[in-house]
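Visitor: Got a minute to walk me through this one? I'd like to start with the DNA.

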2 protein chains.
Amino acid sequence: MHGVNVSAITSPLVWEHVQPAAARRLLTGAIDAFAERGFQATTTRDIASRAGMSPAALYVHYPSKERLLFEISRYGHQAALDVLRDADSGDSPAERLRSMVEAFTAWHAEHHTIARVVQYELAALTPEHLAEVATIRRAISAQIEQVLSDGVADGSLAVDDLPGTTLAVLSLSIDVARWYTPHRGDPAALGKLYAELAQRMVQT
Amino acid sequence: MHGVNVSAITSPLVWEHVQPAAARRLLTGAIDAFAERGFQATTTRDIASRAGMSPAALYVHYPSKERLLFEISRYGHQAALDVLRDADSGDSPAERLRSMVEAFTAWHAEHHTIARVVQYELAALTPEHLAEVATIRRAISAQIEQVLSDGVADGSLAVDDLPGTTLAVLSLSIDVARWYTPHRGDPAALGKLYAELAQRMVQT
DNA sequence: GTCTATATGTGGATAGAC
DNA sequence: GTCTATCCACATATAGAC
C-alpha cells in the first residue's frame, strides 16, 4: 500500500465543509494572515479585508479572533494526524517510518501556511482550546513512537533513547514549517530526503 | 581539543557589557517576556515592570521596543555563531560535525529563552535590522555546510543533497528552542543524542 | 535617571440601519 | 448578512517635574 496516499500529500486542503462561503473566505484569509504576521500582529480588519468584507462582518461568522485561530488550529492538527495515519503502511517498521516521515514532511512543506499556524500559534489559544489540540498533538507523537517501538521490539531499528528520538524525528519535519518557501524545492523531494535521513538515524 | 568548550555550552550568557545595570535588567526582562509571550504580545509595561521600573524609564535606555528586540537578536545570533565556531574542532569532518551539533544543540536547550527570540521573532525586526542578523545566520549555515562539504571531499561523509542536508542538520538543533523546557532532560545529554543522530544521517 | 501624567494611535468588538 | 459608525480598552511613546 506504500505510496497510495501520495495524492493526499500534494493536494490542497479542502474547506468545503466550512459554510457559508463568507465564513470560508474569512478562514482562509486568516490562515494567510496568521502565517505571514503571526496571530498577535494580525488585525481583524486585515482578515476581513482579505475576505472582501468590513471588520464587523467577521463577528457574524466567528465570535472572536481567537475562535478563528482555534478552528484553523484544530482542523490543521487533525489533517496532519490523518496524513501520518494514512501513511503508516509498509511491511516493516523501517518502511512504515520512511512512509510516515515522507508524508508528514511533504505535508508541512505543501501546507506550510497552515502548518506555521498549527506549530507556532499555540500560545494564543485559550487554555480550553489548547487542551483540545494538545490531545491531537499527543496522538501525532504516539504514532511515531509506536513505529520506533515496534522496530526496537523486532530488532530491526536501533533506538537508544525512545522519547528523545521520537521527538527528534517529529522535530525535523515540523521545523519545515518555519523555513519552507516554494523556492526551496518541491515538497515531494523534500519528503524523500527527510525519509532517508530519518531512516539513517535509526538503522541498525 | 574536543570538549574544551563545554563550560561555554553550559555557562549562562554574560551581560556585563550592557551598561548601566538598568539597561541590563530591561534587556534580560525583555528576553524572558519575548520568549514567553512573543514580541507582539509583550507590552513595554511588562518589560519595564520586570525590570522594576515605570514604562517611561525604558525609553531612557532604548529608543523603541523593536530596538530592544534587535539588541537581543543580534547578541543571541552572535553567541550561537561563536558556539558553533568554537566547537569546530576534531581530526575528521565526522568528529567536527559531532562536536558542532552537540554544542549548538546544547546551546539551544540551555539558552532556550534567548534562542526562542533569536529563531522566532525575526519578522518583528525592521528590514535594516533583519538584514544585519541575516548576515550572521548565513555564517551559521556556512559553518555546517563547510564541514559536510569537507567530508564529501575526502570521502568520509555521505551527503547526497548538500544544501538540503545542511538545512536538516541545523533544523534539528534549532527546533530545540521551540519545544525545550528544563524538565525535558539536560542540555548536555540532548547535545550528545543529537550529535549521534546527525552523524548517523551522513555516515558512509 | 526615574517618576507621574498624558498625548496619540489603534485594535477588538458592538450598535443599529438596511 | 453586510454595512457605517463608534465604543472602549490598551499600547507605544512623550512631556515635564524632581
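Guide: Sure. Keep in mind that this is a predicted model. On DNA strand D, a phosphate oxygen sits 2.7 Å from an N or O atom in the side chain of His61(A).

Visitor: What does Thr44(B) do with a phosphate oxygen of that strand, DNA strand D?

Guide: Thr44(B) uses its backbone: an N or O atom there lies 2.7 Å from a phosphate oxygen of DNA strand D. Lys65(B) uses its side chain, with an N or O atom 3.1 Å from a phosphate oxygen of the strand.

Visitor: Which residues come nearest to DNA strand D?

Guide: There are 17 residues around DNA strand D. Ser54(A), Val60(A), His61(A), Thr44(B) and Arg45(B) come nearest.

Visitor: And which helices supply at least two residues each to the surface near DNA strand D?

Guide: Two of them, one per chain: α4 (58–61) of chain A and α3 (44–50) of chain B.

Visitor: What is the split of nonpolar, polar and charged residues near DNA strand D?

Guide: The surface has 7 nonpolar, 7 polar and 3 charged residues. On the DNA side, 56% of the strand D atoms within 4 Å of the protein belong to sugar or phosphate, and the rest to bases.

Visitor: Now the other strand. Which residues are closest to DNA strand C?

Guide: Thr44(A), Tyr59(A), Ser54(B), Val60(B) and His61(B), out of 15 that surround DNA strand C. Sugar and phosphate make up 57% of the strand C atoms that come within 4 Å of the protein.

Visitor: What lies 3.1 Å from a base nitrogen of DNA strand C?

Guide: An N or O atom in the side chain of Arg45(A). Chain B meets phosphate oxygens of DNA strand C: a backbone N or O atom of Ser54(B) at 2.6 Å, and a polar side-chain atom of His61(B) at 2.7 Å.

Visitor: Which elements give two or more residues to the surface near DNA strand C?

Guide: α3 (44–50) of chain A together with α4 (58–61) of chain B. That surface divides into 7 nonpolar, 6 polar and 2 charged residues.

Visitor: Switching to packing. At what angle do α5 and α7 of chain A cross?

Guide: Roughly 105 degrees, with the axes of α5 (residues 65–86) and α7 (residues 112–120) coming within 9 Å. So α5(A) is roughly perpendicular to α7(A).

Visitor: Which residues make the contact?

Guide: From α5(A), Leu69(A), Ile72(A), Ser73(A), Gly76(A) and His77(A). From α7(A), Ile114(A), Val117(A) and Val118(A).

Visitor: How many charged residues are in that contact of α5(A) with α7(A)?

Guide: None. The contact has 5 nonpolar and 3 polar residues.

Conventions
Residues numbered from 1 in each chain as written. Chains lettered and ligands numbered in written order. Predicted model: local features only at pLDDT ≥ 70, side-chain atom pairs only at ≥ 80, totals over all residues. Heavy atoms only, no water. Near = heavy atom within 4 Å. Polar contact = N/O pair within 3.5 Å; in protein donor to acceptor, adjacent residues only side chain to side chain. Helix = DSSP H or I, 4+ residues; strand = E, 2+ residues; numbered from the N terminus. Nonpolar A, V, L, I, M, F, W, Y, C, P; charged D, E, K, R; others polar. Axes fitted to C-alpha atoms, helices over the stretch in contact; angles between N-to-C directions. Parallel < 35°, antiparallel > 145°, perpendicular 65-115°, else oblique. Contact = heavy atoms within 4.5 Å.
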